[in-house]
Amino acid sequence: MPIYEYRCEKCRRITSVLTTRISEKVAAVCTHCGGKKMSRLMSRFAMPRSEESRMDSLSDPSKMGDIDENDPKSVARMMKRMGKEMGDEFSGPDFDEAVEQIESATDSADDSGEDDV
């Protein structure tokens with residue numbers, strides 16, 4: 001089943017539309033504002049990778065050299081790489097929010113002027 005993406009001419013946001021057949025005509029409606037003037041976008045091409053291939057990539061020692069477990073920003077960068085490698089089943093809004101919280105917590109600690117003891 002193909003998924004097509006459309007950009008709303010009114011609010012400029014993207015809406016995904018699932019169809020049952022490639023030949024099916026789609027009357028896309030913006031899920032954000034209800035706009036009906038939509039332009040179809042060229043979707044990204046997804047190439048599935050095996051779990052083994054993703055795990056091999058994550059275990060590559062050359063990608064671990066910059067990780068400092070005492071630096072939350074370093075851990076957040078590593079988590080982003082893991083999320084990118086693992087794809088949809090690993091990342092998502094909750095994952096992204098957790099990484100952002102780690103990064104913002106270290107930013108606010110840096111701005112507080114407090115020294116580590």
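**Helix H2, its neighbours and a single salt bridge**

Ser-74 lies in helix H2. The model described here is predicted. At a relative accessibility of 3%, Ser-74 is well under the 20% cut-off, so the residue counts as buried. Beyond its neighbours within four places in sequence, Ser-74 is in contact with Asp-66, Ile-67 and Asp-68.

One of these partners, Asp-68, belongs to the loop between H1 and H2. Its relative accessibility is 35%, and Asp-68 therefore counts as partly exposed. With residues up to four places away in sequence left out, Asp-68 touches Ser-74 and Val-75. The contact between Asp-68 and Ser-74 thus joins a residue of the loop between H1 and H2 to a residue of helix H2. Asp-68 can also be placed relative to Met-78. The two are 10 residues apart in sequence. In space, their C-alpha atoms are 9.6 Å apart.

Helix H1 spans residues 51-58. Three of its residues, Arg-54, Ser-57 and Leu-58, are buried. They sit on the same side of H1, because they cover an arc of only 100° around the axis. The buried residues of H1 pack against helix H2, which runs over residues 72-86. Helix H2 is therefore the packing partner of the buried residues of H1, and H2 also holds the buried Ser-74.

Charge pairing was examined next. Side chains of opposite charge can pair when their charged atoms come close. In this model the count comes to 1 salt bridge. Arg-12 forms a salt bridge with Glu-9. The closest N and O atoms of the pair are 3.7 Å apart, which falls within the 4 Å limit for a salt bridge. Both partners have intermediate accessibility. Arg-12, at 48% relative accessibility, counts as partly exposed. Glu-9, at 35%, also counts as partly exposed.

Confidence varies along the protein chain. The mean pLDDT is 78. Of the residues in the chain, 79% reach 70 or more. Confidence is highest in strand E3, residues 38-40, at 90. It is lowest in helix H3, residues 93-111, at a mean of 73. Where pLDDT is low, the predicted coordinates should not be read in detail.

Note on methods. Residues numbered from 1 in each chain as written. Predicted model: local features only at pLDDT ≥ 70, side-chain atom pairs only at ≥ 80, totals over all residues. Heavy atoms only, no water. Buried < 20%, exposed > 50% of the residue type's maximum accessible area, 1.4 Å probe, protein only. Helix = DSSP H or I, 4+ residues; strand = E, 2+ residues; numbered from the N terminus. Arc of directions from axis to C-beta. Contact = heavy atoms within 4.5 Å. Salt bridge = Lys/Arg side-chain N within 4 Å of Asp/Glu carboxyl O. pLDDT = per-residue confidence, 0-100.
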